[in-house]
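Trainee: Before we start, could you take me through the reasoning behind the labels we attach to residues and spaces in a model like this one?

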Amino acid sequence: MELVSGYRDRLIAFSETMAQWYRSFQTCPKSHHDKGCLSDAFGYGPPRYPIDKACPVWILHLLDCTAPPPSAHNRLEQSDIDPADLARCEGKSVLMVTDASGLPLGFDVLPQGWAGALGGGEAAGGDGRGAVGMTQRMVKLIRRCMEAPMSGGLPRRPQTLKVNDRKLHRLLCRSERAYKALCVELSPLALGGWGPVGLQPEAGEQGPPQFSMRWPVACYCHVCKKHSFPSQLKPCVHCKAVLYCSDQCSQADWTRTPEDSSHQHWCQKLAVYMSHTAQLANMPFTFAAEVTQEDFDMEYFLKKNNLESGYWLLWSLLLRSPRYELHTGMEQSKEPISAWLAGHLEPFGPLRVESDTLLCRAPHNAPNLKSPLVCWQKYFAWRGLSLASPVAVLLSSPLSIYYIITSLVPQDFPELNILKKQSLKIHIIESYREFNSLLVFWELSVLLPQMSFELCFIGERLPPESDEQQYILQKTDGQVSLASLSLSSEQRIDKKSIRVKVYRRAYHMLQGTKPDLVIGFRPAIPLHDLWLSTLPRLQSLRVPAYFCELSEPSCEGSLQVMSSATGGALSPAHLNPFHCPLRICGGDNLLPWYSNAFIFHLVYKPAASCPVRPSLANPQPVGPAEEPIRGQSPSPVQPKLTRKERKQAARNIPRKRK
């Protein structure tokens, strides 16, 4: 059974959901207005849906289309979306319906020149056939949002409708047929922008919150991939993990062939995995109850905490692409430093206190190696951080490496004596978010000051310009910074500095010295064919290799790939005490997915013993060995001769005269 929810690019899931909803909107049964009869212009009766109790205020937005940024092209192509097709929409407009909290409910694309087709009159609101057609279009969109809201859930209708464009607001105000078709209370004034929308303020806030777009959890059927808006998804009645849109899809998955891919084969295991939900959610943070829910909204969490800069852009879908422009303030800088390096100047964004603590200060005493830190609560107490801070999201990967070095390797590979090493060379493979968050790895030098580190990032999808580049993490003038090694060659490099090397290639294509440790974050071994070559390469190196996975089904699938690729196995996966606190929601299941949730290491197949070559001094007979006679002791083994004795024996051999 293949469950890929936690690995899906959220931009791709976002695009697919919107595309599927728009196709269903275009193919929904057409109303009577297509017949051209104005008396039956709308063709809708009063809606009989209940009022949206969660958010009774809906908003109709008018947005302008722009071309997608170049940084999004690769991700769009992965979902079979041609950026050139989107470029053709530039200059058009979009009608989007959201509720007041920012959840999108549906949208429609308006052609170029739609405003000119409205005609004049009625204070420039339009009074021609174009105005009637635009009113019908708005009504059809809002009715479809009531019937099948894109954010999922049961059909519902708003109590109040607000419009942010003045022309569209005047069109709806003048149409009695629109009132009857929508059965809503229209706000008397247009919003005119993205300002506050009149929601009840949250605790501690002075006024209504600023409107911001949100994105709901996108769920779909495990079998037919149908999203939640045209159907109501239900989990399996036994394991409560996998989502289906109908009994037919549930039955088809239950009897799927081959047998080991059927839900019947996996149902009991998935029920056990679901029972670990509470254990994964048991974290000491004050915000843990919010971020571990099945419907956790990551975008709302980031917006609410003003996490809109620095490395937090790597976690957001709706904010600007973070790959090379993590710090927008450096775009106007004239310093000779690359934009990628400039993006690491404010890694923790608005968390100024945490940034000062982690990058400028160090505790007087490092943790004892005999009793290392093994949970978030002890680490935060040692570092003097507040449990209300979300900085643990960014620190999960370096803390996981610390946990592997101090707790797991000494237990699994005691012969290495890793805690007595003065330097460690670590290969981090197929881990792209970590490569774009380099400054957080400075914490390794604080936790283990007696060691020096060299981190080598290897992966096929790393930025092309970073291939075979070297960087250095160092502390100068009391501040940690990231610099190119060529720029720092003239400066004296501190022993506590962390060297970073980058290789843009598959791991089995890498040549070089053997590392002390190999680590991978979110490797998705069952989903990528490159591991069929990477795992045998690791088998030949026989180096300790640890991987942090998102869920237990991922660990189970990795075991199958390891067995088929090398004949080896995996250690039992166990819970990582430093896993990321943010739950990954959505997809075709309700399993608890967290970044770095479980850790396992590769168990290599025993090396084949080499056959012993016979000695020239004591040649063995070629024929079958003679069995000793019963009751008779076997002949004693001849002692091995020294070199001098062999020469003397050769002289005593009688030679035939010529």
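**From values to labels**

Mentor: Let us begin with Arg522, which is buried, with a relative accessible area of 18%. Bear in mind throughout that this is a predicted model.

Trainee: Why is Arg522 called buried?

Mentor: Buried means under 20% relative accessible area, and Arg522 has 18%, so the label applies. Arg522 sits in the loop between strand 13 (517–521) and helix 18 (531–541), and its phi is near 50°, a positive value in a residue other than glycine.

Trainee: What makes a positive phi worth pointing out?

Mentor: Most residues other than glycine have a negative phi. Asn417 is another case, with a positive phi of about 50° although it is not a glycine, and its place is in the loop between helix 15 and strand 8 (423–429).

Trainee: Is Asn417 then buried, partly exposed or exposed, and how do you know?

Mentor: Partly exposed covers values between the 20% limit for buried and the 50% limit for exposed; Asn417 has 42% relative accessibility, so it counts as partly exposed.

Trainee: What can be said of Trp58 on that scale?

Mentor: Trp58 has 0% relative accessibility, and because buried means under 20%, Trp58 counts as buried. Trp58 belongs to strand 1 (residues 57–64), and its C-alpha atom is separated by 8.7 Å from that of Val163, a residue 105 positions away along the chain. For the chain as a whole, buried residues make up 48% of the 658 residues.

Trainee: How do you know that the buried residues of helix 8 line one face of the helix?

Mentor: In helix 8 (residues 263–274), the buried residues are His263, Trp266, Cys267, Leu270, Tyr273 and Met274. Seen down the helix axis, these residues fall within an arc of 130°, so they line one face of helix 8. The general background is that an α-helix has 3.6 residues a turn, so residues three or four places apart point the same way.

Trainee: Which elements do the buried residues of helix 8 pack against?

Mentor: They pack against strand 7 (243–244), helix 7 (247–254), helix 9 (277–281) and helix 19 (552–566). The loop between helix 7 and helix 8 holds Pro258.

Trainee: What makes the bond from Thr257 to Pro258 cis?

Mentor: The peptide bond from Thr257 to Pro258 has omega near -5° and is cis. In general, most peptide bonds are trans.

Trainee: Turning to internal spaces, what makes one of them a cavity and another a pocket?

Mentor: A 1.4 Å probe fits in a cavity but cannot get out, whereas a pocket is open. The structure holds six cavities of 30 Å³ or more, and about 130 Å³ of space lies in the largest cavity. Of the 15 residues that line the largest cavity, the closest to its centre are Trp315, Val393, Leu394, Ser397 and Glu434. Helix 15 gives the most to this lining, with five residues, and the lining divides into seven nonpolar, five polar and three charged residues.

Trainee: How does the second largest pocket look in those terms?

Mentor: About 630 Å³ of space lies in the second largest pocket. It is lined by 24 residues, with Ser151, Gly152, Pro216, Val217 and Asp295 the closest to its centre. By class, the lining of the second largest pocket has 10 nonpolar, seven polar and seven charged residues.

Key: Residues numbered from 1 in each chain as written. Predicted model: local features only at pLDDT ≥ 70, side-chain atom pairs only at ≥ 80, totals over all residues. Heavy atoms only, no water. 1 Å grid on protein atoms, 1.4 Å probe; cavity = no way out; pocket = protein on both sides within 12 Å on 5 of 7 lines; lining within 4 Å. Points joined across faces, edges and corners; volume = space filled by probe spheres on them. Helix = DSSP H or I, 4+ residues; strand = E, 2+ residues; numbered from the N terminus. Nonpolar A, V, L, I, M, F, W, Y, C, P; charged D, E, K, R; others polar. Buried < 20%, exposed > 50% of the residue type's maximum accessible area, 1.4 Å probe, protein only. Arc of directions from axis to C-beta. Contact = heavy atoms within 4.5 Å.
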